[in-house]
Amino acid sequence: MLCRFTIYASSVAPPLGVGYTGIVKPEHKSSAINRLKTVRGHLEGVIRMVEDERYCPDIMKQVSALQGSLEGVNRILLQNHIETCVLDHVEHGRSEQVVDELLETLRYAPGLPTTKGP
Ligand SMILES: [Cu+2]
C-alpha cells in the first residue's frame with residue numbers, strides 16, 4: 001500500500017488529515033458511491049413528497065430511511081479509514097494522534113460507543 005502523504009514544508013509533523021489525501025479501497029469506494037447515488041435518488045423523491053404536501057409522517061419515515069442509508073455510508077467510510085489510514089498512521093509512528101482522531105471520528109458513527117458519557 002502506498003503512503004499518500006504529500007510533502008509538508010515543515011520540520012513539524014502536520015496534524016492528521018493535513019497533506020493527506022486518504023486511501024480508499026476500491027470496494028469501499030464503489031460501495032460508498034453506489035449508496036450515495038441511491039440516497040440522492042431517494043432524496044429527490046422525498047423533496048417531491050414535500051412539494052406535493054404529502055402526509056407529514058410519511059415524509060418523516062422517508063427522511064429516517066435516508067438517515068439510515070447515510071449512516072451506512074459512514075460505516076463503510078469508517079471501516080475503510082481503519083483498514084487504511086489508521087494503519088498507515090500507526091506504521092508512521094502517529095499512534096497517539098490517530099487514536100485521538102479515531103475517538104473523535106466515532107462521534108459520526110451512531111450506534112458505536114463514543115468517549116462521551118451519558
Ligand atoms: Cu481514512
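Two residues are in contact when heavy atoms of each lie within 4.5 Å. Among contacts in this protein chain between residues at least 6 apart in sequence, 56% join residues at least 24 apart. The structure is a predicted model.

**Overall fold**

The protein chain has three helices and zero strands. Along the sequence the pattern reads α-α-α. Helix α1 covers residues 26-51, helix α2 covers residues 56-91, and α3 covers 95-105. Of the 118 residues, 24% count as buried. The chain exposes about 8400 Å², and carbon and sulfur atoms supply 58% of that area.

**Copper site**

Which residues coordinate the copper ion? His 81 does so through ND1 and Cys 85 through SG, at 2.0 to 2.1 Å. Both residues belong to helix α2. They are four residues apart there, so about one helical turn separates them. His 81 has a relative accessibility of 16%; buried means under 20%, so His 81 counts as buried. Cys 85 is at 6% and also counts as buried.

**Nonpolar cores**

The largest nonpolar core has seven residues: Leu 16, Leu 78, Val 86, Val 98, Leu 102, Leu 106 and Ala 109. Two elements, α2 and α3, each give two or more residues to this core. Apart from it lies another core, of five residues. Val 39, Val 46, Ile 59 and Leu 66 are among them.

Leu 102, a member of the seven-residue core, also touches the copper ligand His 81. Beyond its neighbours within four places in sequence, Leu 102 is in contact with Leu 78, His 81, Ile 82 and Val 86.

**Salt bridges**

How many salt bridges does a search of the whole structure find? There are two. The table gives the closest N and O atoms in each pair.

| Acidic residue | Basic residue | Closest N and O atoms |
|---|---|---|
| Glu 83 | Lys 25 | 2.9 Å |
| Glu 104 | Arg 107 | 2.9 Å |

The Glu 83 and Lys 25 bridge links distant parts of the chain. Glu 83 sits in helix α2, Lys 25 sits in the segment before α1, and the two are 58 residues apart. Glu 83 is partly exposed, with a relative accessible area of 24%. Lys 25 is partly exposed too, at 25%.

In the other bridge, Glu 104 has a relative accessible area of 38% and is partly exposed. Its partner Arg 107 is at 45% relative accessibility and counts as partly exposed.

**A backbone outlier**

Glu 53 has a positive phi of about 55° although it is not a glycine. Where does Glu 53 lie? It lies in the loop between α1 and α2. Is the residue buried or exposed? Glu 53 is exposed, because its relative accessible area is 70%.

**Confidence**

The chain averages a pLDDT of 84, and 77% of the residues score at least 70. Confidence is highest in helix α1, at 97, and lowest in α3, at a mean of 92.

Two stretches stay under 50. One is residues 5-10, for which the model has 11 contacts beyond four places in sequence. Residues 114-118 also stay under 50, with four such contacts. Where pLDDT is low, the predicted coordinates should not be read in detail.

Key
Residues are numbered from 1 along each chain as its sequence is written. This is a predicted model: local features need pLDDT of at least 70, side-chain atom pairs count only at pLDDT 80 or more; totals for chains, interfaces and linings use all residues. Side-chain values use heavy atoms; hydrogens and water are left out. Donors are N, O and S atoms within 2.8 Å of the metal (3.2 Å for Na, K and Ca); water is not among the atoms, so sites may look incomplete. Buried means under 20% relative accessible area, exposed over 50%, partly exposed in between (1.4 Å probe, protein chains only). Accessible areas come from the Shrake-Rupley method with a 1.4 Å probe; for residues, only the protein chains shown count as cover. A nonpolar core is a set of buried Ala, Val, Leu, Ile, Met, Phe, Trp, Tyr and Cys residues joined through side-chain atoms within 4.5 Å. pLDDT is the predictor's confidence in each residue, from 0 to 100. A salt bridge is a side-chain nitrogen of Lys or Arg within 4 Å of a carboxyl oxygen of Asp or Glu.
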